[in-house]
Every structure is written in structure tokens, then in C-alpha cells.
Amino acid sequence: MAGGLFMGGAIAALFATALPLSSPSSGIQDPPPDKIVIDVATVNGSGCPQGTAAVAVSPDNTAFTVTYSDYLAQVGGNADPTAFRKNCQLNLNVHVPQGFTYAIASADYRGFASLQRGASGTEKASYYFQGSPNTASISHPFRGPYSDDWQATDTTDWAQLVWAPCGVQRNFNINTELRVSAGTSTPGSSSFMTMDSTDGDISTVYHMAWKECPEA
């Protein structure tokens, strides 16, 4: 899935990645009112085959969502031996309104898990800017027995937000992963974990913060 998506909002820097080339002004601002273009440069990975991931931005520019329809990791039963780990990398080119910069304040992940006793599952997300040697990664473990919706939130303290460089265009990358291990569960029993709900209504939500850049 690649191409330009016209959306009413934007996305963000992250938890502890690249240092800005110039610091934003100190005052926290409301989201910019202008609509912007988000170019989805690439969507790659075993968890998001072509046409199975969709990106949308909230009308108030405070969040954007990623919805998956085929993001499933599983072990046991008739599962393929390689199906225990699935991942998806989004490479996003965000055209920010002039004079603004942005940061990821938090990210909410949701899905469904069915883990047998002795089995386990992990949701992991990594965030980085194009060209940055630094990557922020956060993992959330789940243990069986478990059969229910799951939710995990990556968050950072407001004072620790890292803002996108002002006046510089850098693609933002999000790499998510689901991993399921059979562990000590009954041989042949099936365990799985999805990054979506059974009806497809649950999305991954990224919450944004905004600042004005200093005047040149």
C-alpha cells in the first residue's frame, strides 16, 4: 500500500529518538487548523500484506489511526511454522503546516488474544526518524491462559517528548510486531494474537502534541 493520502491532520516525533536541529518554542499550542498531506511511502511486513492496512487522521488533528485486517500471529494447530511472528513497518512522509512541529504523546494498541495455558504473546513497537541512529522500542507481554481483547499503551512524560526538527522533512517510521510462543502449552494446541478486533472496528491510535517553531 503506497501513495498519497489527503488527511486532516498529521503525525509525529516520538519517545526518545532523534534530537531536533532547532528547538521549538516553549509554549504548547492547539493543533494547526490546516489540512495536510500524509504520503504513505511504504507499508511492508508479514502482518500487513498489500491492501490490509489503512491510515486515517482525526478531524481535529490530535490523533491518527492505523487499522489492520490481516495482522495475526499464531502457533500450534495448523499454523505455518513461520506464523509465530508477524510485523508491519509504516514509513510515513508528513507535510506539517509551516511554523509547526509535532511529537507522539502516546500510542494505543488493541487486538484479541487466545493463549493456551503455558503459552505467551508479545506486542512490540519501535519508532524512529529517517536518518536517525536512535530507535525507541517498547514491549508488552501477555501470558496464557488468556482469551479476551487486549490493550497496550506506549506513553512518555510530557517533559520528555522529543519534537520533530523544525524546517526539516524526515520520514517517520513505526515498526510493530506480534510474537506468540507455545511455551509449555499442550503440544498441538493453538494460540494466537491479532492486532485488530474480530469485527475490524478496533484501530491502533497515535495521539499527537503540537508546538510552534521559533521564528527564523
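1. Over which residues does pLDDT stay under 50, and how many contacts beyond four places in sequence does the model have for them? Start at the beginning of the chain: the stretch is residues 1–28, and the model has 118 contacts beyond four places in sequence for it. Keep in mind that what you're looking at is a predicted model, so treat that opening stretch as a place where pLDDT stays under 50.

2. There's another stretch to mark with your pencil. Across residues 197–202 pLDDT stays under 50 as well, and here the model has five contacts beyond four places in sequence. For the protein chain overall, the average pLDDT is 75, and 71% of the residues score at least 70.

3. Now for the general build. If you go hunting for helices, you'll find zero, while the strands number 13. Read from the N terminus on, the elements go β-β-β-β-β-β-β-β-β-β-β-β-β. As for how the chain meets itself, take the contacts with a separation of 6 or more: 84% of them are between residues 24 or more positions apart.

4. Inside and outside come next. The protein chain has 216 residues, and 47% of them count as buried. Its accessible surface comes to about 10,100 Å², and carbon and sulfur atoms hold 48% of that.

5. Have a look at the largest pocket, too. Rolling a probe the size of a water molecule over the atoms shows where empty space is left. In this model the largest pocket has about 220 Å³ of space. It is lined by 16 residues, and the closest to its centre are Val 96, Phe 100, Pro 165, Gly 167 and Val 168. Strand β7, which covers residues 100–115, gives the most to the lining, namely three residues. Sorted by type, the lining residues come out as ten nonpolar, five polar and one charged.

6. Here's a peptide bond to check in your viewer. Most peptide bonds are trans. The one from Gly 144 to Pro 145, however, is cis, with omega near 5 degrees. You'll find Pro 145 in the loop between β9 (136–143) and β10 (146–155).

7. Is Gln 169 buried or partly exposed? Its relative accessibility is 43%, so Gln 169 counts as partly exposed. Gln 169 belongs to the loop between β10 and β11 (172–181). Leaving aside neighbours within four places in sequence, Gln 169 is in contact with Asn 93, Val 94 and His 95. With Asn 93 the C-alpha to C-alpha distance is 7.9 Å, although the two are 76 residues apart in sequence.

8. Asn 175 makes a good follow-up, this one in strand β11. Asn 175 counts as partly exposed because its relative accessibility is 22%, and the cut-off for buried is under 20%. Once neighbours within four places in sequence are left aside, the contacts of Asn 175 are with Asn 87, Cys 88, Gln 89, Lys 124, Ala 125 and Ser 126. Tyr 127 is 48 residues away from Asn 175 along the chain, and their C-alpha atoms are separated by 6.5 Å.

9. Then there's Ala 56, which sits in strand β3 (residues 53–57). At 37% relative accessibility, Ala 56 is another residue that counts as partly exposed. Try drawing a line from Ala 56 to Val 66: they're ten residues apart in sequence, and 6.6 Å lies between their C-alpha atoms.

10. Last stop, Thr 82. Which loop holds this residue? Thr 82 is in the loop between β5 (72–75) and β6 (85–94). Thr 82 counts as exposed, because its relative accessibility is 56% and the cut-off for exposed is over 50%. From Thr 82 to Ser 46 you'd count 36 residues in sequence, with 10.0 Å from C-alpha to C-alpha.

Conventions: Residues are numbered from 1 along each chain as its sequence is written. This is a predicted model: local features need pLDDT of at least 70, side-chain atom pairs count only at pLDDT 80 or more; totals for chains, interfaces and linings use all residues. Side-chain values use heavy atoms; hydrogens and water are left out. Helices (H or I, at least four residues) and strands (E, at least two) are DSSP runs, numbered from the N terminus. Buried means under 20% relative accessible area, exposed over 50%, partly exposed in between (1.4 Å probe, protein chains only). Contact means heavy atoms within 4.5 Å. Accessible areas come from the Shrake-Rupley method with a 1.4 Å probe; for residues, only the protein chains shown count as cover. pLDDT is the predictor's confidence in each residue, from 0 to 100. On a 1 Å grid over the protein atoms alone, a cavity is a set of points where a 1.4 Å probe fits but cannot get out, and a pocket is an open set with protein on both sides within 12 Å along at least five of seven lines; lining residues have an atom within 4 Å of a point. Grid points are joined across faces, edges and corners, and a volume is the space filled by probe spheres set on the points. Ala, Val, Leu, Ile, Met, Phe, Trp, Tyr, Cys and Pro count as nonpolar, Asp, Glu, Lys and Arg as charged, and the others, Gly among them, as polar.
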